Amino acid sequence: MVSITFIEPSGTARVVDAEIGSSLKDVALHKEVDGIVGLCGGYANCGTCHIYVAEQDIARLPAPEEAEEMMLEGLFADRQAGSRLACQIIAGPELDGLAVTVAPAQM
């Protein structure tokens with residue numbers, strides 16, 4: 001397990017345990033993190049699990065693939081340098097202690 005902090009749209013920080021190998025979207029839905037919808041089931045084609053990763057933590061993640069990049073272009077909340085889809089980020093030891101902010105609008 002690794003510890004991930006989700007900062008919900010209300011500003012509430014939720015620290016949750018994430019099973020290694022789980023997507024952050026699945027973790028957020030399982031732990032009922034406010035603001036994550038995850039309509040497409042993790043296929044990077046809906047954008048309803050948009051999160052912001054702090055600039056200093058971007059390097060901890062693998063680069064987004066083309067499908068994720070394309071989906072990030074048309075989201076409801078503004079795209080930022082650290083915009084990612086939680087369905088495309090897999091919990092691993094390198095992410096222990098990661099904090100992400102849930103985008104204020106998913107749909």
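Author: Before we start, one definition: helices (H or I, at least four residues) and strands (E, at least two) are DSSP runs, numbered from the N terminus. Keep in mind too that this is a predicted model.

Reader: Fine. How many helices and strands does the protein have, then?

Author: Two helices and five strands. Read along the sequence, they come in the order β-β-α-β-α-β-β.

Reader: And what does the radius of gyration say about the overall fold?

Author: The idea is to set the value against what a compact globule of that length would give. For 107 residues that would be near 13 Å, and the protein has 12 Å, so the two agree. The C-alpha trace spans about 30 × 25 × 25 Å along its principal axes.

Reader: What share of the contacts join residues at least 24 apart in sequence?

Author: Take contacts between residues at least 6 apart in sequence: 64% of them join residues at least 24 apart.

Reader: Now the inside. What share of the residues count as buried?

Author: 43% of the 107 residues do. As a rule, nonpolar side chains in soluble globular proteins tend to be buried together. Here, the largest nonpolar core holds 27 residues, and those touching the most other members are Ile-4, Phe-6, Leu-24, Ile-36, Ile-51, Leu-85 and Leu-98.

Reader: Which elements give two or more residues to this core?

Author: Strands E1 (2-7), E2 (13-18), E3 (50-53) and E5 (98-102), along with helices H1 (24-30) and H2 (66-72). For a look at one core member, pick Leu-85: leaving out residues up to four places away in sequence, Leu-85 touches Ala-44, Gly-47, Cys-49, His-50, Glu-68, Met-71 and Leu-72.

Reader: Ala-44 is on that list. What is its phi?

Author: It's positive, about 60°, although Ala-44 is not a glycine. Ala-44 sits in the loop between H1 and E3. Glu-32 is in the loop between H1 and E3 as well, and its phi is also positive, about 55°, again without being a glycine.

Reader: Are Ala-44 and Glu-32 buried or exposed?

Author: The cut-offs to use are under 20% relative accessible area for buried and over 50% for exposed. Ala-44 has 8% relative accessibility, so it counts as buried. Glu-32 has 66%, so it counts as exposed.

Reader: What about another glutamate, Glu-8: buried or exposed?

Author: Buried, because its relative accessible area is 8%. You'll find Glu-8 in the loop between E1 and E2. Setting aside residues up to four places away in sequence, Glu-8 touches Arg-14, Glu-32, Val-33, Asp-34 and Val-102.

Reader: How many positive and negative side chains are there in the whole protein?

Author: 6 positive and 16 negative, with the centres of the two sets 3 Å apart. As for the accessible surface, it comes to about 5600 Å², and 51% of that belongs to carbon and sulfur atoms.

Reader: One last residue, Ile-89. Where is it found?

Author: In the loop between strand E4 (83-85) and E5. With a relative accessible area of 2%, Ile-89 is buried. Beyond its neighbours within four places in sequence, Ile-89 is in contact with Ser-22, Ser-23, Leu-24, Ile-51, Leu-61, Arg-84 and Leu-95. Leu-24 and Ile-51 were on our list of core residues touching the most other members.

Reader: How far apart in space are Ile-89 and Leu-72?

Author: 14 Å, C-alpha to C-alpha, with their positions 17 residues apart in sequence.

Key
Residues are numbered from 1 along each chain as its sequence is written. This is a predicted model: local features need pLDDT of at least 70, side-chain atom pairs count only at pLDDT 80 or more; totals for chains, interfaces and linings use all residues. Side-chain values use heavy atoms; hydrogens and water are left out. The radius of gyration is taken over C-alpha atoms; the globule rule is 2.2 Å times the number of residues to the power 0.38. Buried means under 20% relative accessible area, exposed over 50%, partly exposed in between (1.4 Å probe, protein chains only). Contact means heavy atoms within 4.5 Å. Accessible areas come from the Shrake-Rupley method with a 1.4 Å probe; for residues, only the protein chains shown count as cover. Lys and Arg count as positive and Asp and Glu as negative; His and the chain ends are not counted. The place of a charge is taken as NZ of Lys, CZ of Arg, CG of Asp or CD of Glu. A nonpolar core is a set of buried Ala, Val, Leu, Ile, Met, Phe, Trp, Tyr and Cys residues joined through side-chain atoms within 4.5 Å.
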